[in-house]
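Q: Could you take a close look at one helix of this protein and the stretch that leads into it? After that, I'd be glad of a walk through other places that deserve a second glance.

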Amino acid sequence: MKKKNIAVTALAIALAVVLVLGGGTFAYLLGNTEEEVNEFSTNQNGVEITETENDYEIIPGTSQDKDPTITATYTLDSYVFVEVTDATDGLVTWYIESGWTLLETTENEDGSVTYIYYQLLTTADGVYEAELHVLADDKVYYSTSLTNEDLAGVDGVSLTFQGYIIQAEPFADAANAWLLLSGEGVAVNNETGIVYTDLADVFTDYSDGAVVQLLQDNTSATLNIDLSNGDLTIDMNGYTLYKINASSEEGATLTLINSDGENGGMKSQANVSGNANLVIDGISFSGAVSNNGTGTVEINSGTFKAVTNTSSGTLIINGGTFGGAVSNRSTGTTIINDGIFNTTTQNSSSGIMNINGGTFAKYVQNGGTGTINISGGTFNGTARSIYQTGTGTINISGGSFAGYVQTNGNGATINISGGTFNGELGKSSGTVVITGGSFRYQPTTDYIASGYVVEGPTDGYYSVVASAD
């Protein structure tokens, strides 16, 4: 939570906030003042009053002018709060100005009492600035019954005022808005306006399509999210979660976004199981992302370590930067449309991997009985760009390949119908069949399919084309 400190002039506590909203999530527009502390000196006999900006002297049976004022500037309906901490030990009497509603009272360990009052300011009447007096009649009072014994040895007598302002939407009421301002809230449901103090409550209390925005880091607890209530979006809002396990039998979707755009992310990992779906947009992961079920994991942007498709589900990658391996480990399908991949990309079982784009620093490996289809992308692995070690099939129709394209799998096949190859082709076992493409090195005749011939080189590349015969 970010609080904006506003300058305090004399006894006026000023709050000024420019409110701008856009899209479906809220960057909470709030502000708070510096504390306005008013010191009171205790006296046992009649003593001259010293009138200063904040200092007062207690003389039984008298009153003094005291006019803390909040000036609020706003462009949307807003809640204004004043926090009054009374450390006068009953020596000073004050009354709240009309218009303020008491929200809560807290007895502090030092014997002081803190009161939270609020007002709702609306823009319906076109008024966008309000001066709100805190104390009734702008006065404090000292009882006629005070004696020398009451005042003897008393020190640190004070009244402290602090003001806050926050937009009224999306909060359900002032109490929920105050939970955010006070730092007690851990998340807010932007659909209902309820602020939660326990994340576990968030995931049992939402309705289909809800957007929940984090208000604090949670870097130690694993969140087990049952999506039985329907689709849910978690806006990291610049904060960090530790670990998420999401499940659904009905095919509900958990979406992770970050409206902050820079900070926040996952300290550990995110796992989905059952028929749950997961969409990730702009999240930084320090751990793995795993699809352990039959649903779909879709990654649009962010930074990641290992990403695995471990079962029969689908993994779709549209962007992002990946420091660990991207693996298709079972019967599922992995589709890569774009992204930056800084280590190996693997299809290690009987599943399907379709690569339509992206930049790959290391090789792509087919280590099982499955199929890899490559129609585009830049493959910069210089030792190897494509590596076939299982008994499956690699079909290449496009892309640019810097390094070796090789099959070592007994019974495996690499079919090449297009693409640009700057490294050599090779096999120790298996089959390579070429029906198209451009090659820096002349392909071996054994690799050329029946009915096709090698032409060139032209501009340094050989081409494989259909025979004219």
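A: Helix H2 is mostly covered, with seven of its eight residues buried. Those buried residues are Ala174, Asn176, Ala177, Trp178, Leu179, Leu180 and Leu181. Please keep in mind that this is a predicted model, and that every value here is computed from it.

Both ends of the helix are worth a look. At the N-terminal end, aspartate 173 acts as a cap on H2: one of its side-chain oxygens sits 3.2 Å from the backbone nitrogen of alanine 175. After the helix comes glycine 183, which has a positive phi, near 85 degrees.

Now step back into the loop that leads to H2. Alanine 172 belongs to this loop, which runs between strand E14 (157-167) and helix H2 (174-181). With a relative accessible area of 44%, alanine 172 is partly exposed, because that value falls between the 20% under which a residue is buried and the 50% over which it is exposed. Beyond its neighbours within four places in sequence, alanine 172 is in contact with Thr192, Gly193 and Ile194. You can also compare its position with that of asparagine 189: the two are 17 residues apart in sequence, and their C-alpha atoms are 9.5 Å apart in space.

The loop between E14 and H2 also holds proline 170. The peptide bond that joins glutamate 169 to proline 170 is cis, with omega near 10 degrees. A cis bond catches the eye because most peptide bonds are trans. Another cis bond runs from glycine 456 to proline 457, with omega near 15 degrees. Proline 457, however, is found in a strand, E48 (residues 452-458).

Backbone angles bring us to two further loops. Aspartate 138 is not a glycine, yet its phi is positive, about 55 degrees. You will find aspartate 138 in the loop between strand E12 (129-133) and strand E13 (139-141). Asparagine 237 is likewise not a glycine and has a positive phi of about 55 degrees. Its place is the loop between strand E19 (232-235) and strand E20 (240-248). Such angles stand out because most residues other than glycine have a negative phi. Asparagine 237 counts as buried at 17% relative accessibility, because the limit for buried is under 20%.

Serine 268 is another loop residue, placed between strand E22 (265-266) and strand E23 (270-274). At 13% relative accessibility, serine 268 counts as buried too. If we leave out residues up to four places away in sequence, serine 268 touches Leu241, Tyr242, Lys243, Phe285, Ser286, Gly287 and Ala288.

For a residue inside a strand, try asparagine 328 in E30 (residues 326-328). Asparagine 328 is buried, with a relative accessible area of 0%. Its side chain makes a polar contact with the side chain of asparagine 309, at 3.0 Å. A polar atom of the asparagine 328 side chain also lies 3.0 Å from the backbone oxygen of glycine 332. Not counting neighbours within four places in sequence, the residues in contact with asparagine 328 are Asn309, Thr333, Thr334, Gln346, Asn347, Ser348, Ser349, Gly351, Ile352 and Met353.

There is also empty space to explore. The second largest pocket contains about 200 Å³ of space. Of the 14 residues that line it, those closest to its centre are Asp86, Ala87, Thr88, Asp89 and Gly90. Sorted by class, the lining of this pocket has five nonpolar, five polar and four charged residues.

Finally, here is the setting for these details. The secondary structure of the protein comes to three helices, H2 being one of them, and 49 strands. Of the 469 residues in the protein, 48% are buried. Among contacts between residues at least 6 apart in sequence, 39% join residues at least 24 apart. The protein exposes about 19,800 Å², and carbon and sulfur atoms supply 43% of that area.

Note on methods:
Residues are numbered from 1 along each chain as its sequence is written. This is a predicted model: local features need pLDDT of at least 70, side-chain atom pairs count only at pLDDT 80 or more; totals for chains, interfaces and linings use all residues. Side-chain values use heavy atoms; hydrogens and water are left out. Helices (H or I, at least four residues) and strands (E, at least two) are DSSP runs, numbered from the N terminus. Buried means under 20% relative accessible area, exposed over 50%, partly exposed in between (1.4 Å probe, protein chains only). Contact means heavy atoms within 4.5 Å. On a 1 Å grid over the protein atoms alone, a cavity is a set of points where a 1.4 Å probe fits but cannot get out, and a pocket is an open set with protein on both sides within 12 Å along at least five of seven lines; lining residues have an atom within 4 Å of a point. Grid points are joined across faces, edges and corners, and a volume is the space filled by probe spheres set on the points. Ala, Val, Leu, Ile, Met, Phe, Trp, Tyr, Cys and Pro count as nonpolar, Asp, Glu, Lys and Arg as charged, and the others, Gly among them, as polar. Accessible areas come from the Shrake-Rupley method with a 1.4 Å probe; for residues, only the protein chains shown count as cover. A polar contact is a pair of N or O atoms within 3.5 Å; within protein, one must be able to donate a hydrogen and the other to accept it, and residues adjacent in sequence count only if both atoms are side-chain atoms.
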